[in-house]
Amino acid sequence: MQGHHCHHRYRVLLVSGNPTERNQWQSLLDEKDFLVSVADNGKEAYRAIQGGNLDLVIAAVTMAEMDGIELVRLVGTEKEAPPIIVIGRESGTPYRTFLKSAALAGATATYTQPLRAHDFLEGIRVALALERGPRSKPQ
């Protein structure tokens, strides 16, 4: 096995009811660094998060069962809450409002599509460097 030098791969959960969208996000994540799993909606994602062991969650803001905002709120109450990045479809008005709500609920970062790979990956790096635990606003 080449290149197997104890390299930690981050466990990332991609949450969206839209497979095309999930594939698009996944294509930006280098599989050398990320171990990706997927969920169709917030409810499924929340179950996976409760199972622990996730380093990062990337979720669509609008989903059928439990949207991204609700997911962020719920996860923020967990002791080992992973950071959550929330993504909106476009920068139109409803999405701007949704993303603002997600940020207020405690999302680590929010983005609108189309994603700019550089910004997105930078945001992921920053999110992964954050301290984990209950979300409390820095003093």
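This is a guided walk through one β-α-β unit of the structure, its loops and some of its salt bridges.

The model is predicted, with local features needing pLDDT of at least 70, side-chain atom pairs counting only at pLDDT 80 or more, and totals for chains, interfaces and linings using all residues. Residues are numbered from 1 along each chain as its sequence is written, and side-chain values use heavy atoms, with hydrogens and water left out.

Let us start with strand β3, residues 56-60. Helices (H or I, at least four residues) and strands (E, at least two) are DSSP runs, numbered from the N terminus. β3 is mostly covered, as 5 of its 5 residues are buried; buried means under 20% relative accessible area, exposed over 50%, and partly exposed in between, with a 1.4 Å probe and protein chains only. Leu56, Ile58 and Ala60 point one way from the strand, while Val57 and Ala59 point the other way.

β3 has partners to look at next. Two strands pair if DSSP finds at least two bridges between them. Strand β1 (residues 10-15) runs parallel to β3, and 4 bridges join them. Across that pairing, valine 12 stands opposite leucine 56. β4 also runs parallel to β3, again with 4 bridges, and here valine 57 has isoleucine 84 as its bridge partner.

How do we get from β3 to β4? The path goes over helix α3, and the three elements make a right-handed β-α-β unit. Right-handed here means that, with the strands pointing away from the viewer, the path from the first strand over the helix to the second runs clockwise.

Helix α3 spans residues 68-75, and its buried residues are Gly68, Ile69, Leu71, Val72 and Val75. Seen down the helix axis, these buried residues fall within an arc of 160 degrees, so they line one face of α3; the arc is that of the directions from the helix axis to the C-beta atoms. What do the buried residues of α3 pack against? Their partners are α2 (42-50), β3, β4 (84-88) and α4 (93-105), where contact means heavy atoms within 4.5 Å. At the N-terminal end of α3, aspartate 67 acts as a cap: one of its side-chain oxygens lies 3.1 Å from the backbone nitrogen of isoleucine 69.

Just before that cap, in the loop between β3 and α3, sits methionine 66. Methionine 66 has a positive phi of about 65 degrees although it is not a glycine, and at 16% relative accessibility it counts as buried. Another residue with a positive phi, about 70 degrees, is asparagine 53, also not a glycine. Asparagine 53 lies in the loop between α2 and β3 and is exposed, with a relative accessible area of 57%.

Now for the charged residues. Side chains of opposite charge can pair when their charged atoms come close. The structure holds 7 salt bridges, each a side-chain nitrogen of Lys or Arg within 4 Å of a carboxyl oxygen of Asp or Glu.

One of them links glutamate 65 to lysine 43, the closest N and O atoms being 3.0 Å apart. Glutamate 65 lies in the loop between β3 and α3 and lysine 43 in helix α2, so the pair ties together parts that are 22 residues apart in sequence. In space, their C-alpha atoms are 6.1 Å apart. Glutamate 65 is partly exposed at 40% relative accessibility, and lysine 43 is partly exposed at 42%. Leaving aside neighbours within four places in sequence, glutamate 65 is in contact with Asn41, Gly42 and Lys43.

Another salt bridge joins aspartate 55 and arginine 11, with the closest N and O atoms 3.8 Å apart. Aspartate 55 is in the loop between α2 and β3 and arginine 11 is in strand β1, so this pair ties together parts that are 44 residues apart in sequence. Aspartate 55 counts as buried at 13% relative accessibility, whereas arginine 11 counts as partly exposed at 30%.

Our last stop is the loop between β5 (109-112) and α5 (117-129), where proline 114 is found. The peptide bond from glutamine 113 to proline 114 is cis, with omega near 0 degrees. Further along the chain, arginine 116 forms a salt bridge with aspartate 119, the closest N and O atoms being 2.9 Å apart. Arginine 116 is exposed, with a relative accessible area of 60%, while aspartate 119 counts as partly exposed at 30%.

How values were computed:
A polar contact is a pair of N or O atoms within 3.5 Å; within protein, one must be able to donate a hydrogen and the other to accept it, and residues adjacent in sequence count only if both atoms are side-chain atoms.
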